[in-house]
Amino acid sequence: MKIKQITIALFFGVIATMNAQDNTIPKSNGGIKGGYNLAAVSFDGDGETEQRHGFHIGVYGESFISESFSIQPELMYSQQGYEITNSSGTFTQKLDYINLPLMLKAYPSKNFFLEAGPQIGLAVSHKEEYDGLFSGSQEYDPNNFDWGMNFGGGFKTDSGISLGVRYHLGLGDLYDEGKAQNRVLQFSLGFDL
């Protein structure tokens, strides 16, 4: 009789512990985010170009895999590119992408996160402008596909508002000749829906 009572007590204790553990994992969520881009390009490892100012906007879904870790896929529109200025004028390459980052987020504390993950991108438009002695435009043909790694961090409030900073280290070449790769610093504001 006593063994039966102990077994039942242990069973309910294990169930209560499992339920308590399930309640500590935050709920999955989705939302919108957008912000400011500082985009440049690294040419052949000789340093970066001047920055093109732009923005990004899109949607995300965050799924927690434990109390401190989540996976966050995103679908983002991002204005990227670069500028080169010399004594004869300014050349601007405008590249706009649809990017798909997949971020692994770690929460060392309740509201602070660090993130890293791969990103692929598809160029949806490109435009070149030259503003100098002879203004005009010239057609360059960048590759449509881009890929790289993202690294960042930020803060997320209990109400679902997040502020983040992210650096995109492009690993795919922009052009068939030469080694030109995207570099983007992003400042974001996000809202869980």
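This passage describes the fold of the chain and then looks at a few of its residues in turn.

The structure is a predicted model. The chain holds one helix and eight strands, and in sequence order these elements follow the pattern α-β-β-β-β-β-β-β-β. The eight strands form a closed barrel in the order β1-β2-β3-β4-β5-β6-β7-β8, with antiparallel pairing. From one strand to the next, the twist averages 25 degrees.

A few totals help to set the scene. The chain has 193 residues, of which 36% count as buried. Its accessible surface comes to about 11,200 Å², and carbon and sulfur atoms account for 64% of that area. Among contacts with a separation of 6 or more, 59% are between residues 24 or more positions apart.

One strand pair serves as a convenient way into the barrel. Strand β2, residues 52-64, pairs with strand β3, residues 69-86, in the antiparallel sense over seven bridges. Within this pairing, Ser63 has Ile71 of β3 as its bridge partner.

Strand β2 also carries Tyr60. Tyr60 counts as buried because its relative accessibility is 8%, below the 20% limit. The side chain of Tyr60 makes a polar contact of 2.5 Å with that of Asp192. Asp192 also appears among the residues that Tyr60 touches beyond four places in sequence, together with Gly190 and Phe191. That list further includes Asn29, Gly30, Gly31, Ile32 and Lys33, as well as Gln72, Pro73, Glu74 and Gly160. Gly30 deserves a closer look: 30 residues separate it from Tyr60 along the chain, yet the two C-alpha atoms are 5.4 Å apart.

Moving on to strand β3, we come to Ser78. With a relative accessible area of 1%, Ser78 is buried. A polar contact of 2.9 Å links its side chain to that of Asn37. Beyond its neighbours within four places in sequence, Ser78 is in contact with Asn37, with Phe55 and His56, with Leu95, Asp96, Tyr97 and Asn99, and with Gln186.

Two of those partners, Leu95 and Tyr97, reappear in the largest nonpolar core. This core has nine residues in all: Val41, Tyr82, Phe91, Leu95, Tyr97, Ala123, Leu174, Tyr175 and Ala180. Strand β4, residues 89-106, supplies the largest share of the core, with three residues. Leu174 illustrates how a core member is surrounded. Leaving aside residues within four places in sequence, Leu174 is in contact with Val41, Leu95, Tyr97 and Ala180, and also with Pro142, Asn143 and Asn182.

Asn182 provides a link to the last residue considered here, as it is also in contact with Leu169. Leu169 is found in strand β7, which spans residues 161-170. Leu169 has a relative accessible area of 27% and is therefore partly exposed, a class that lies between the limits of 20% and 50%. Beyond its neighbours within four places in sequence, the contacts of Leu169 are with Gly148, Met149 and Phe151, and with Asn182 and Arg183. The C-alpha atoms of Leu169 and Asn150 lie 6.2 Å apart, although 19 residues separate the two in sequence.

Terms used. Residues numbered from 1 in each chain as written. Predicted model: local features only at pLDDT ≥ 70, side-chain atom pairs only at ≥ 80, totals over all residues. Heavy atoms only, no water. Helix = DSSP H or I, 4+ residues; strand = E, 2+ residues; numbered from the N terminus. Buried < 20%, exposed > 50% of the residue type's maximum accessible area, 1.4 Å probe, protein only. Contact = heavy atoms within 4.5 Å. Areas by Shrake-Rupley, 256 points an atom, 1.4 Å probe, with all protein chains shown as cover. Pairing = 2+ DSSP bridges. Axes fitted to C-alpha atoms, helices over the stretch in contact; angles between N-to-C directions. Polar contact = N/O pair within 3.5 Å; in protein donor to acceptor, adjacent residues only side chain to side chain. Core = buried A, V, L, I, M, F, W, Y, C linked by side-chain atoms within 4.5 Å.
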